[in-house]
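Student: Let's test each label against its rule. Ready when you are.

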Amino acid sequence: NDNELMDTNLRSRAERVIPGGMYGHLNAKALPPGYPQFFERAQGCRVWDVNGREYIDFMCSWGPVIAGHKHPGIEEAARRQASLGDCMNGPTGRLVELAERLVGMLPHADWAMFQKNGTDATTTALTIARAGTGKRKILLAKGAYHGAAPWCSPSVAGVTAEDRAHLIYFAFNDVASLEQAARQAGDDLAAILVSAFRHDLGVPQELPDPAFARKARELCDARGAALVLDEVRAGMRLSLSGSWEGLGVRPDLAAWSKAIANGYALAAVTGNDRYRRAAQQIYITGSFWMGGVAMAAALATLDVLERSNAVEHFENMGLRLRLGLQRQADKYGLPLKQTGPVQLPSVMFEQDADFAKGSLFAAEALKQGVYLHHRHNMFLSLAHSERDIDLALQVTDHAFSKVAAL
Ligand code: PMP
C-alpha cells in the first residue's frame, strides 16, 4: 500500500534536494537495515514512522524528550506562551524566571544564559572560559562528543588545523593523562572540558571516577582555569542538581541542552560568579535564542521533573530493562556489555567489533516495534512505565534468539 512506501519515497526525493539524503546524527543510514528515516508523530514513549508503524521509543529523540512525547502540561505551557508571542523584540519574563529556576536548582550556578543547541552551549562555555582567564588551551577527552562546530565535530572535512589549534586531549578517567595534558598547556590553560560521564559512540560507557573528577577540579583551581561540565547528554537524567554534585565536584561552567525543555529547542550555560564578568564581555546571541515558547516549556519541564521524582523513575525503569536484558542474554549464552548509568542504557555484545550482533538485535527488535540503538546510548523518559519495559523485553527475547542463531 501507499503508506508502506512513504519512507522510501521521501528518501529518494531527499537524495535529490538534501545533500546525501540526510545529514548528522539522525541519519538513518548509520542504523541497521529497516530503520525508518522519517517520522509522523509521537506520544508518550511511542513514535510512529511515516509508514504508520508504531514503536516503543528508547531514543527519546536522542535525549530531548525526558517527560514523554507531547506531555500535556508542558504542551499546555508552550501553547499558552505561543498564543501570546514567541520571537519578539526582546525576551519574555520567562528568561528571568528560567534563569532563577536553574540558579535555584543547581548549587554550582549563580547565573544562566540561553541558546538553542548543545553546540551553542559548549562553544559559549569555552568562549567564556577563555574570556575569563585570558588563556587559550582547552583540555578535553579524546573521543568525547561536544557538538558539531569546527572545533569539535567528528568530521574534519572543512575544518582547519587552526580551528583546533589550542585543544589538548586526555583519556577520560585517566588522572595521569589529565595531568600530562595540563603540563602541556603550560601557563596557557583556559579550561578543562569534560562530559558528565563517558558516553562516546560505540564504546562501553564509564561513570566518572571520583578521583578523576577531583583531580580536574584541583588542576583548574591550581591553574586558575575553568572546569566546564558538558551536561548536554546526561543533564537532568542523573540528578536535578548537576551530574557531579554527588561526587562533591562543582564545575565553574556547565553546558545544557537536550532534555531541559522536553524537545523544544533550548540550551543553557550556567556559571558561577567567577565567570559572570567574562560572560558579560563576550558577544553571544541568535535570532531565535530568546523565544519564549521554549523557555515556557523548560519551566514546565523542570516542574514536572521535580514533581515526579524523575531521576528515581529513570533509575527504576533503567534497572528493570538492564536486569531483564541480562537474564535473557544469559539464557541464550550471549555475553552482553551493559555499561554506564541505567538511566541512559547502553547495550552491546561481547566479541562484536563490527556490531553484527548488535545490528541484528536492533533490527529484529525494530521489526516487532521496539526502537533501540546498537552503538549509541539510549534514553528513558517519564512516559516509560514498567508495562512498556516489559512489553519491550518480550520483543528483545525474540531478538536475542535471532542473535543466538547467527
Ligand atoms: N555535548 C554532548 C555531550 C552531546 O551529547 C551533544 C549532542 N549529542 C552535544 C554536546 C551537542 O548538542 P547539539 O546536537 O544540540 O548541538
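Student: How many residue pairs are in polar contact across the interface of domain 1 and domain 2?

Tutor: The rule finds 14 residue pairs there, both residues at pLDDT 80 or more. A polar contact is a pair of N or O atoms within 3.5 Å; within protein, one must be able to donate a hydrogen and the other to accept it, and residues adjacent in sequence count only if both atoms are side-chain atoms. This is a predicted model: local features need pLDDT of at least 70, side-chain atom pairs 80 or more, while totals for chains, interfaces and linings use all residues. Residues are numbered from 1 along each chain, and side-chain values use heavy atoms, without hydrogens or water.

Student: How many salt bridges does the rule find across that interface?

Tutor: Zero between domain 1 and domain 2. A salt bridge needs a side-chain nitrogen of Lys or Arg within 4 Å of a carboxyl oxygen of Asp or Glu.

Student: What area is buried between domain 1 and domain 2?

Tutor: About 2,100 Å², with 63% from carbon and sulfur atoms. Buried area is the accessible area (1.4 Å probe) that two parts lose on being put together, summed over both.

Student: What makes Gly118 a polar contact of the ligand?

Tutor: A backbone N or O atom of Gly118 lies 2.7 Å from a ligand oxygen. That is within the cut-off, so the pair counts. Lys258 has a polar side-chain atom 3.1 Å from a ligand nitrogen.

Student: And where does Tyr145 stand?

Tutor: A polar backbone atom of Tyr145 is 3.5 Å from a nitrogen atom of the ligand.
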